[in-house]
Structures are given as structure tokens and as C-alpha cells.
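Work through the exercises below with the structure open beside you. Try each task before reading its solution.

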Amino acid sequence: MADSVPSLSQSQIPTPLANAPLRLPQGVVSAQGTLVVYEPGSGKLLGEVRVSTPLQVTEAVAASRAAQAEWGAESFAARKAVLLRFQRLLLERAEDFCDHITRENGKTRNESLFMEVLPVADAVHFWAGNARKLLRDEKIPLHLFPHKKSYLRYYPRGVIGIIAPWNYPFSIPTGDAVAALMAGNGVVVKPSEYTPLIMEKTRALFEEAGLPRGLFSVVQGRGEVGATLVASGVNMVIFTGSVATGRKVNVAAAQQLVPCVLELGGKDPALVLADADLDSAAKKIAWGAFANSGQICASVERVYVHESVARPLTDKLVALTKTLRQGEPNTHEVDVGAMTTQMQLDVIQRHLDDALAKGAVILAGGHITVTPSGARFVQPTVLGNVTREMAIVRDETFGPMLPIMTFKTDDEAVRLANDSVYGLSAYVFSGSRAHAEKIANRLIAGTVMHNDTLYTHAAPETPWGGVKQSGLGRVHGKHGLKDLCEVRHVNLERFNVPAFWYYPYGKKAWTNGLRLYRTLLGNGLGARLKALFGKH
Ligand code: NDP
């Protein structure tokens, strides 16, 4: 099967570098104390960055805290003005940012625009326009104490530590940072060791926009630098990454007694019901599975299709997959770019080998290519004859692999979709919104989308996060914004009412108190009247 599938067209494979320099493996710190980045899509040297020392991490947090004292006291309007300047500069330099992101991460140019730069520009617009309203004081009506008045006020937490992954090296940390800054916080970001450079560019842009120096800082290095950041006095941690690292970060944050949001992995299912528009479903599922070479926490990693439409849906997915153009990503003529890390490519190879050994069949794609210059590509791949015993159906693959399975009834579809340790997103394709909604409300996932995939990460008003092992807490939406704040409760007196619980204690207070509560809380009018007039 695999032999009949076309491989990458030769013209699209980047040529090896002439006299390519001896290179360090990805993510290894050089003798000079730097991380060196090679472009995943071409193997060319992109740049390097100095690794931060523990002292520099502590200093970055201290500088951010010092700048935050003033920033947090500024009006929303003043913060908004700076962030909108950042947004304007970002839109002006969108081409330059996309060019860099594509070179550093390997996603296509269009993906850098639509999945990284534009969502951040829109997030700034949204938070700048809405943070004040979402964070205004909230009254709490007190049903038992009308003589008192309670309200909540949201204060910035201080300095937010953001630990970011390599798959969205710009939009994930910058999107979270913008919300944190609008809420009045300082931010220190630790990017992934594989994609450290874009955050340096982002910091420079924030400063050019007028953000106080040091308020937004970047510390660089491997995992231990992230661990140092968590331990260095930040007031909250937003971690996006793997489940294994997320557990460690959660423990470390608990030791500091600081809150921690964890955005972790996924194995997201797409359910295609018998009444779905199959052309539309195939198009959106293929994009949901193969965008960013499948390196998305919410990628479609499992398809369950009703047996009555399994054949036509599979044919459409296979045909569409075979049309996808893959190669050096920094052009508009490529649909699928490169794999950011060799480590992930190895995971995909293992999952594919395991699936094939257990009887899976490649229906499209199946080729994995590493060029002599070090560029890495996994061909978008559709797999049939797959079972739950295969790692590719159970574990997060984080690559462009699409296993297709069938179901007979809605109950079976729901059971199969929920049969995972993960619960980030789930997708339901149906021509009936009512039918989709019934199923959506039975799926155990942070987000369920009807007739779509992936896109709500770019809708800042909706919450993002997972259940089960996909994470804890939420970013985005009003819940994510409020979580970036410390909520403080103030209770004021409207007028003084003597209550039963003050000194001196005695039988009279006991009886009156009991009578009052039994009257107010009694079950039914009869019980209440009896409580009011009866003996206590
Ligand atoms: P990792 O967990 O390997 O790394 C994430 C970040 O944590 C990196 O910056 C890493 O640094 C850092 N880190 C490593 N060890 C520690 C430590 N002990 N303390 C603090 N920080 C540490 O994840 P990946 O970068 O490989 O990202 C891929 C994973 O992220 C996938 O599982 C994916 O599903 C998930 N993800 C989830 C998203 C969501 O919204 N739910 C979105 C995007 C990705 P270094 O890279 O230098 O090791």
C-alpha cells in the first residue's frame, strides 16, 4: 500500500546545504552557552540565543515585578493604548513575523499568518476592548444579610510565568501574555529550547510599542530554566506542554503555593454522523489533522464515522490528502510544512510502525523524510484497519496521522470518543444541530465543536483548556482572564442589625436564632408557619 502512495515531489524537498557545518543535536546547549536553531524546513542555520543563568531568571522576575507595580496601577485605558500600539506594529510587520515563525518552527507561511500572527492581533483587540468590562467589580447579593453589601474586586496577581511549547512558539505565549498584561500583570516567558528566537523579537516589539522595560521578559534555556522560573517567586504559572512535564510543574508550583494553569496534550476525536455533509467534514477534518503537520494539541487524532457513510468519507479524505503539497514551508505553494523536532518525528515513526505491525493499512501518505541537511517531513497519512490496541489510536501522536474507525450507534460513538485519558477538544459532524448538540453534551472534553475543528483557540472570548489528563484550569475567555487576577472580597455595612451570635450567649439567642432559621429555611409553608409560631 505504502509503495503506491506518491512521496514528496523532488522539487519540493529542500536541497542539502553545501558544506553543512557540523551541528549540535537540537536543543543541546553549545560550549558557548547558547541554543542554536536550524530551520526545520530547510536545515539552514537560523540563529542562536544565550541561555539564562539562574541569577538572570531571578533578576528577570524582580525587574518585571518592579515594573508591574506601576503598570498594575495604570488605568485600563493606558494599558490598552500600549497594547494597541503593539498590535499596530505587529500587523505592519506581519510578513516579517510570519517569515521568522515559518523558518523557526517549520509551519507553512499561511499557517504562520492564520494560526499565529492574526490570532494574536485579534486577541490584543479583544482584550484591549473588553478587559475593563470583564474585570469590573462584581456585586454579590446576600440573601440572608440585606443590611450588608458585598462585592468582588479583581487585582493583578503580580508576575505571571509563562512556560511555552514549540508548536505555536508565538501565538501561545504572546496570546497568554497579552491577557496577563491587560489585567495589569508583568510577564516572564520561558520559550521552548527548540523555538527560542521568536520571543526575543516579540519582546523587542513590546518595548518599541512602549511597554515599560522589564515588564515583559524572556528567559532562555532548557527545562531546568523553566523549573527555575517556577521557583523564582512568580505569582502564577501558565504551562503549555506535555502531561509528563505538566505534572512536574504542578508539583513545583504547589511547593511555591502559587496557582498553575496546565494546558496539556490531547487525542481529539472527530465523530462523523450519518447525516453529515461529507465534503465539508472531509475538508475540515483533513485540516484539523494535518495543519501544522499535526503538531497541535487539539489536532484530530481519531476519526469515528457512522458505518453507513464510512466508505464515501474515507474516499474523500484519501483523495483530499493525496492532493496536499508538502515541502519547504516558506512559500504559498505548500499546504503541509515540516516537523519542528526530530524527537516528535521519532514518536510518529514509532506509532506508525506499531500500527502497521498490528495490521493497520496506509490509505494515503506514509512517508517520513529527513533530508541530508536535516529538514524533516512527515507526509499526511490516512490509516484504515486500525484498532484501540494501537498506540496511534490511544496515545498522543502529535503528527499528521489520521486513523479512521467506524461506529454503529450514537451510544457507541460517544463511548469510543470518551475512551481516552485525554479530554481537550472533540468534534461532531452532523447536518442536524440538535443531533450534534445531544452528542456534544455527552462528550467529556474541554471544548466540543459542531462541524468544525481547531478554530476556537483563535476565538479569545471562548475558554481554552482540557479535562482529564489534558489539563487544569482555563486560558482565554472570562474565566481565563479572571484567573490572571487575585479576587478580593469586600463586605460593607449598610446599617447595623443586632444578630444572635454575638456575646453574651444564652438560651434566648438560641431560641430566636433557631426560630428564624427554621422559618426561613423550612420546607413548605406549613413547616415555616409551624416554625414561626411553634415552640422551640
Ligand atoms: P514539553 O512538556 O516537553 O515542554 C514544554 C515547556 O516546558 C518547554 O518550554 C520546556 O522546555 C519546559 N520544561 C521542560 N521541563 C520543565 C520543568 N521541569 N519545569 C518547567 N518547565 C519545563 O512540551 P513540548 O514543548 O514538547 O510541547 C508539546 C506538548 O504540548 C504536547 O503534548 C501538546 O499536546 C502540548 N500542547 C498543549 C496545548 C494546549 O493548549 N493544551 C497547546 C500546545 C501544545 P524545553 O523545551 O527547553 O525542554
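**Exercise 1: Polar contacts of the ligand**

In this predicted model, a nitrogen atom of the ligand lies 2.7 Å from a polar backbone atom of Leu-264. Taken alone, the ligand exposes 910 Å², and the protein buries 89% of that area.

Task: Which distances separate ligand atoms from Ser-242 and from Ala-227, and which part of each residue is involved?

Solution.
Step 1. For Ser-242, look at the side chain: one of its N or O atoms is 2.6 Å from an oxygen atom of the ligand.
Step 2. For Ala-227, look at the backbone: a polar atom there is 3.4 Å from a nitrogen atom of the ligand.
Step 3. Compare with the cut-off for a polar contact, a pair of N or O atoms within 3.5 Å. The Leu-264 pair, at 2.7 Å, is such a contact.

**Exercise 2: The shell around the ligand**

Task: Describe what surrounds the ligand, going from single residues to domains.

Solution.
Step 1. Start with residues: 29 of them are around the ligand, and Lys-190, Glu-193, Ser-242, Leu-264 and Glu-396 come nearest.
Step 2. Sort the shell by residue type: 14 are nonpolar, 10 are polar and five are charged.
Step 3. Find the elements: helix H7 (223-230), strand E8 (236-240) and helix H8 (243-256) each supply at least two shell residues. H7 gives the most, with three residues.
Step 4. Move up to domains: domain 1 (54-264 + 478-488) and domain 2 (266-461) each contribute at least three residues to the shell.
Step 5. Consider the space itself: the ligand takes up the largest pocket.

**Exercise 3: Two backbone exceptions**

Most residues other than glycine have a negative phi, and most peptide bonds are trans.

Task: Where in the chain are Asn-385 and Pro-504, and what is the backbone geometry at each?

Solution.
Step 1. Locate Asn-385 in the loop between strand E15 (381-384) and helix H12 (391-394).
Step 2. Read its phi: Asn-385 is not a glycine, yet the angle is positive, at about 55 degrees.
Step 3. Locate Pro-504 in the loop between strand E22 (485-493) and helix H16 (507-521).
Step 4. Read omega for the bond joining Tyr-503 and Pro-504: the value is about -5 degrees, and the peptide bond is cis.

Methods
Residues are numbered from 1 along each chain as its sequence is written. This is a predicted model: local features need pLDDT of at least 70, side-chain atom pairs count only at pLDDT 80 or more; totals for chains, interfaces and linings use all residues. Side-chain values use heavy atoms; hydrogens and water are left out. A residue is near a molecule or strand if one of its heavy atoms lies within 4 Å of it. A polar contact is a pair of N or O atoms within 3.5 Å; within protein, one must be able to donate a hydrogen and the other to accept it, and residues adjacent in sequence count only if both atoms are side-chain atoms. Accessible areas come from the Shrake-Rupley method with a 1.4 Å probe; for residues, only the protein chains shown count as cover. On a 1 Å grid over the protein atoms alone, a cavity is a set of points where a 1.4 Å probe fits but cannot get out, and a pocket is an open set with protein on both sides within 12 Å along at least five of seven lines; lining residues have an atom within 4 Å of a point. A molecule sits in a cavity or pocket if more than half of its atoms lie within 2 Å of its grid points. Helices (H or I, at least four residues) and strands (E, at least two) are DSSP runs, numbered from the N terminus. Ala, Val, Leu, Ile, Met, Phe, Trp, Tyr, Cys and Pro count as nonpolar, Asp, Glu, Lys and Arg as charged, and the others, Gly among them, as polar. Domain bounds come from an automatic or database domain assignment.
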